[in-house]
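This report covers helix packing and the nonpolar core in one protein model. The sequence and structure come first.

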Amino acid sequence: MSNLLRGVNLYLIGMMGVGKTTVGRLLAKELGYGFLDTDDVIVKAAGKSINEIFIDEGEAEFRQLESDVLAQVCAYTKLTIATGGGIVLRRENWGYLRHGLIVWLDAPVEILLNRLAEDDTRPLLQDSDPEGKLKLLLEQRQLLYSQADLQITIAAIQTPEQIVTCILDAIPSVLKNQDFQQQN
């Protein structure tokens, strides 16, 4: 599979709680790639949590940091990159994402809610109606997510390993449709 990809980065996009980090780590290991989580890079660079960035500087500043990190990351190869759920909101980010293969991990709101029920680290879910907020965010982002090269629909019963297998099985069909070797 690595030979087929020829070093092209894989960018995992999708809603918070969908499993981009967990799946990304496993996928990277399977491919012999490095792994990066853009949120982790932002936290290290800023010296504060994402919640603190949102509180201290606001969402706009966080989104700028996210774009800056993505711009730097896309210069590398052989990486699997888990992105923040809102990375698709800025047009400039699509220019960076298009340097690689974009994989949308898509899960129904019910699965996301279940996974995020005890998670208080998500600033956009600090809301009196987390379910309504998640539905709204998904509605706002779905059309953007759908621009990914590959859509992997996730079921509640799937393990991260099974999701990785789905991605690996689907990659050859996407590479036949798009000549990534020419782009990179």
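In this predicted model, helix α7 (residues 109–116) packs against helix α8 (residues 130–145) at an angle of about 130 degrees, and their axes lie 10 Å apart. The angle makes α7 oblique to α8, because angles from 115 to 145 degrees fall outside the roughly perpendicular and roughly antiparallel ranges. The crossing of α7 past α8 is right-handed.

The residues that form this contact are listed by helix.

| Helix | Residues in the contact |
|---|---|
| α7 (residues 109–116) | Val109, Leu112, Leu113, Leu116 |
| α8 (residues 130–145) | Pro130, Glu131, Leu134, Lys135, Leu138 |

By class, seven of the contact residues are nonpolar, two are charged and none is polar.

The largest nonpolar core has 55 residues, and the members touching the most others are Ile13, Leu105, Ile167 and Ile171. Helix α9 (residues 160–177) contributes the most to this core, with eight residues. Apart from residues up to four places away in sequence, Leu105 touches Leu12, Ile13, Gly14, Met15, Val18, Gly19, Lys20, Val23, Ile152, Ile154, Ile163 and Ile167.

Ile154 sits in the loop between β5 (150–153) and α9. Its relative accessible area is 3%, so Ile154 is buried. Outside its neighbours within four places in sequence, Ile154 contacts Val18, Leu105, Asp106, Ala107, Pro108, Ile111, Arg115 and Ile163. For one of these partners, Ile111, the C-alpha atom is 8.8 Å from that of Ile154, although the two residues are 43 residues apart along the chain.

Key:
Residues numbered from 1 in each chain as written. Predicted model: local features only at pLDDT ≥ 70, side-chain atom pairs only at ≥ 80, totals over all residues. Heavy atoms only, no water. Core = buried A, V, L, I, M, F, W, Y, C linked by side-chain atoms within 4.5 Å. Buried < 20%, exposed > 50% of the residue type's maximum accessible area, 1.4 Å probe, protein only. Helix = DSSP H or I, 4+ residues; strand = E, 2+ residues; numbered from the N terminus. Contact = heavy atoms within 4.5 Å. Axes fitted to C-alpha atoms, helices over the stretch in contact; angles between N-to-C directions. Parallel < 35°, antiparallel > 145°, perpendicular 65-115°, else oblique. Left-handed = near helix turned anticlockwise from the far one by under 90°. Nonpolar A, V, L, I, M, F, W, Y, C, P; charged D, E, K, R; others polar.
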